[in-house]
Amino acid sequence: MKNNYNHLFDNLLIKDDEIEEIKVYNNFYENIEKDINERIEKEVLNYSALRNVACSMHREVMEGQRQVSRKFQNDAISNNNWATYIDAQINQGIAYAKMGIDFHTWYDVVVVIRNTISSILLEKSDCDINRGMIILKGMNRFFDIGIGAITKAYLKEIKSLIEEQKHQQEKINKELTLKLKAMARKNEELEQARREMEKDIL
């Protein structure tokens, strides 16, 4: 899907050390992905807006979207192809806006995802403090990139939708005004005709 918001990330800069931290995080994520998805799915169902969306989609479709998202994520991290990943995140933000999902609800879910991954990280007894800190830093940087894309696109799309609704309302108001004026002229003509008829009778 093409969108008009890609320019928002023309100046995206990811440092080499950040790339390495993100790679460490991604390796950790791959090992616990199933556990993360199961926990997040349960938490997300607590939000009615997202629950309705989830219930309206077949599990196969959701899993397919998840796999595509992971493909873009891995391509970005492993091959430094961030454009495709960011484009996907932007389209996700646009979709959330068009579905009418409340921004605060969506952000709450992002917090849930962060906390879930952090909790699982703390549960891993074999994860030393230094590696744990690297994973957290990689996760935070990676989330900042993805969330930044979704947020900017979401807010821009909301603004666009509001402006479009305003334009449509102005158009409706204009058409209604013209109709009312036409009705008023018609009433004046009828009233004039009635007066002429009264004169003729008299």
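Q: Buried means under what relative accessible area?
A: In this predicted model, each residue can be placed by its relative accessible area: over 50% is exposed, and partly exposed lies in between. Buried is the remaining class, and its cut-off is under 20%.

Q: Is Arg70 buried or exposed?
A: Let's put that cut-off to work, with buried meaning under 20% relative accessible area. Arg70 has a relative accessible area of 8%, so Arg70 is buried.

Q: Which residue meets Arg70 in a salt bridge with a distance of 3.5 Å, N to O?
A: Side chains of opposite charge can pair when their charged atoms come close. The side chain of Arg70 does this with Glu30, at 3.5 Å from N to O. The pair links distant parts of the chain, with Arg70 in helix H3 and its partner in helix H1, 40 residues apart. That partner is partly exposed at 39% relative accessible area, and its name is Glu30.

Q: Which residue is linked with Glu30 and Arg70 in a network of salt bridges?
A: A search of the whole structure finds seven salt bridges. Some of them are joined in a network that links Glu30 and Arg70 with Glu33.

Q: How many residues apart in sequence are the parts tied together by Glu21 and Lys137?
A: The side chains of Glu21 and Lys137 meet in a salt bridge of 3.2 Å, N to O. Glu21 lies in helix H1 and Lys137 in helix H6, so the parts that this pair ties together are separated in sequence by 116 residues.

Q: Which of the two, Glu21 or Lys137, is buried?
A: The cut-off for buried is under 20% relative accessible area. Lys137 has 46% and counts as partly exposed. At 13%, the buried partner is Glu21.

Q: In which helix do Lys23 and Glu20 both lie?
A: The side chains of Lys23 and Glu20 meet in a salt bridge of 3.9 Å, N to O. Lys23 is partly exposed at 29% relative accessible area, and Glu20 is partly exposed at 47%. They are three residues apart, about one turn of the helix, and that helix is H1.

Q: How many aromatic pairs are there?
A: Rings of Phe, Tyr and Trp pair if their centres lie within 6.5 Å. By this rule, the count is five.

Q: What kind of aromatic pair do Tyr25 and Phe142 form?
A: Planes under 30 degrees apart count as stacked, over 60 as edge-to-face and the rest as tilted. The rings of Tyr25 and Phe142 are 6.0 Å apart, centre to centre, with 40 degrees between the planes, and the pair is tilted.

Q: What kind of pair do Trp82 and Tyr85 form?
A: Their ring centres are 6.0 Å apart. The two residues both lie in helix H4, three residues apart. Their planes are at 80 degrees, so the pair is edge-to-face.

Q: Which residue forms one aromatic cluster with Tyr25, Trp82, Tyr85 and Phe142?
A: Several of these residues are covered: Tyr25 and Phe142 are buried, as are Trp82 at 7% relative accessibility and Tyr85 at 5%. The other member of their cluster is Tyr29.

Q: Which helix holds Gln73?
A: Gln73 has a relative accessible area of 7% and is buried. Leaving aside neighbours within four places in sequence, Gln73 is in contact with Tyr25, Asn26, Tyr29, Tyr85 and Phe142. Gln73 is itself found in helix H3.

Q: How far apart are the C-alpha atoms of Trp106 and Gly93?
A: Trp106 sits in helix H5 and is buried at 6% relative accessible area. Gly93 is among the buried residues of H4. The two are 13 residues apart along the chain, and their C-alpha atoms are separated by 9.9 Å.

Q: Which residue, with a positive phi, follows H4?
A: H4 has 18 residues and reaches 26 Å from its first C-alpha to its last, close to the 26 Å expected. The residue that follows has a phi near 80 degrees, and it is Gly100.

Q: About how much accessible area do Leu176, Leu180 and Met183 have together?
A: Leu180 is found in helix H6. With Leu176 and Met183, Leu180 forms a nonpolar patch on the surface, and together their accessible area is about 300 Å².

Notes
Residues numbered from 1 in each chain as written. Predicted model: local features only at pLDDT ≥ 70, side-chain atom pairs only at ≥ 80, totals over all residues. Heavy atoms only, no water. Buried < 20%, exposed > 50% of the residue type's maximum accessible area, 1.4 Å probe, protein only. Helix = DSSP H or I, 4+ residues; strand = E, 2+ residues; numbered from the N terminus. Expected span 1.5 Å × (residues − 1). Contact = heavy atoms within 4.5 Å. Patch = residues over 30% accessible without salt bridge, like charges linked within 9 Å, V, L, I, M, F, W, Y side chains within 5 Å. Areas by Shrake-Rupley, 256 points an atom, 1.4 Å probe, with all protein chains shown as cover. Salt bridge = Lys/Arg side-chain N within 4 Å of Asp/Glu carboxyl O.
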